[in-house]
Amino acid sequence: VQLQASGGGLVEAGGSLRISCVDSGRTFSGYPMGWFRQPPGKEREFVASISRSGAPIYYSDSVKGRFTISRDNAKNTVYLQMNSLKSEETAVYYCAAATVGNGPRATYDYWGQGTLVTVSS
């Protein structure tokens, strides 16, 4: 598993952005995938996860209803569509592959390098 996140950038508060994470390996479809974020000076936190088949899906309470995680196993890619972004959601966003379980308490052993999302107020 080799994960590469992209699509971050600068967006105004209230705006939308879609970030992506591609696995250059051959086993992407075998892993539940998650998105995490780490705001400046804070700890990394769970954002969303999706099972191998696309369901079930989990979201943190703070993003539920605004963010959508999806995956395309044919393209070895997981996406995070982020709508109604808030300034406090400025963070480095990381994708990760879980080797045990799914959801916020899964064991994520493979991580991408992160992509920076900056939300201006």
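What follows is a walk through this structure, strand by strand and then through its loops and rings. The model is a predicted one, so please read every value below as computed from that prediction.

Let's begin with strand E4, which covers residues 33-38. Of its 6 residues, 5 are buried, so the strand is largely enclosed by the rest of the structure. E4 has a partner in strand E5, residues 45-50, and the two pair in the antiparallel sense over 5 bridges. If you would like a register mark for this pairing, take Trp35, whose bridge partner in E5 is Ala48. The hairpin made by E4 and E5 has 6 residues between the strands, and Gly41 there takes a positive phi near 75°.

E4 also pairs with strand E9, which spans residues 91-100. These two strands run antiparallel and are joined by 6 bridges. Trp35 is a handy landmark here too, with Cys95 as its bridge partner in E9. Gly34 is matched with Ala96 of E9. Seen from Trp35, then, there is Ala48 in E5 and Cys95 in E9. As a general reminder, the strands of a sheet pair through backbone hydrogen bonds, in a parallel or an antiparallel sense.

Now follow E9 itself. Buried residues make up 7 of its 10, so E9 is largely enclosed by the rest of the structure. Beyond E4, this strand pairs with strand E11, residues 115-120, through 3 bridges in an antiparallel arrangement. Val92 of this pairing stands opposite Leu116 in E11. E9 pairs with strand E10 as well, residues 107-111, again in the antiparallel sense and over 4 bridges. There, Val100 stands opposite Thr107 of E10. The hairpin of E9 and E10 has 6 residues between the strands, and Gly101 takes a positive phi near 80° in it.

Next come the aromatic rings. The structure holds 5 aromatic pairs. One of them is formed by Phe36 and Tyr108 in an edge-to-face arrangement, with 4.9 Å from centre to centre and 80° between the planes. Phe36 lies in strand E4 and Tyr108 in strand E10, so the pair ties together parts that are 72 residues apart in sequence. Both Phe36 and Tyr108 are buried. They belong to one aromatic cluster together with Phe46 and Trp111. Trp111 has a further contact to look at: Arg44 lies over its face, at 3.8 Å from the ring centre. A second arrangement of this kind involves Arg71, whose charged end sits over the ring of Phe28, 4.5 Å from the ring's centre.

There is also an open sheet to trace. It is formed by 4 strands in the order E1-E3-E8-E7, with antiparallel pairing. Its edge strands are E1, residues 3-6, and E7, each of which pairs on one side only. From one strand to the next, the twist averages 15°. Within this sheet, E7 and E8 pair in the antiparallel sense over 6 bridges. Thr68 can serve as the register mark, since its bridge partner in E8 is Gln81.

The loops hold several backbone details that may interest you if you like to inspect torsions. Where is the cis peptide bond? It joins Ala55 and Pro56, with omega at about 5°. Pro56 has its place in the loop between E5 and strand E6, residues 57-59.

Two residues other than glycine can be added to the list of positive phi values. Asn76 has a phi near 55° and is found in the loop between strand E7, residues 67-72, and strand E8, residues 77-82. This places Asn76 between two strands of the open sheet. Ser84 has a phi near 50°, and its loop is the one between E8 and E9. Is Ser84 buried, partly exposed or exposed? Its relative accessibility is 40%, so Ser84 counts as partly exposed, given that the class runs between the limits of 20% and 50%.

Terms used
Residues numbered from 1 in each chain as written. Predicted model: local features only at pLDDT ≥ 70, side-chain atom pairs only at ≥ 80, totals over all residues. Heavy atoms only, no water. Buried < 20%, exposed > 50% of the residue type's maximum accessible area, 1.4 Å probe, protein only. Pairing = 2+ DSSP bridges. Phe/Tyr/Trp six-rings, centres within 6.5 Å; stacked < 30°, edge-to-face > 60°. Lys NZ or Arg CZ within 6 Å of the ring centre and 35° of its normal. Axes fitted to C-alpha atoms, helices over the stretch in contact; angles between N-to-C directions.
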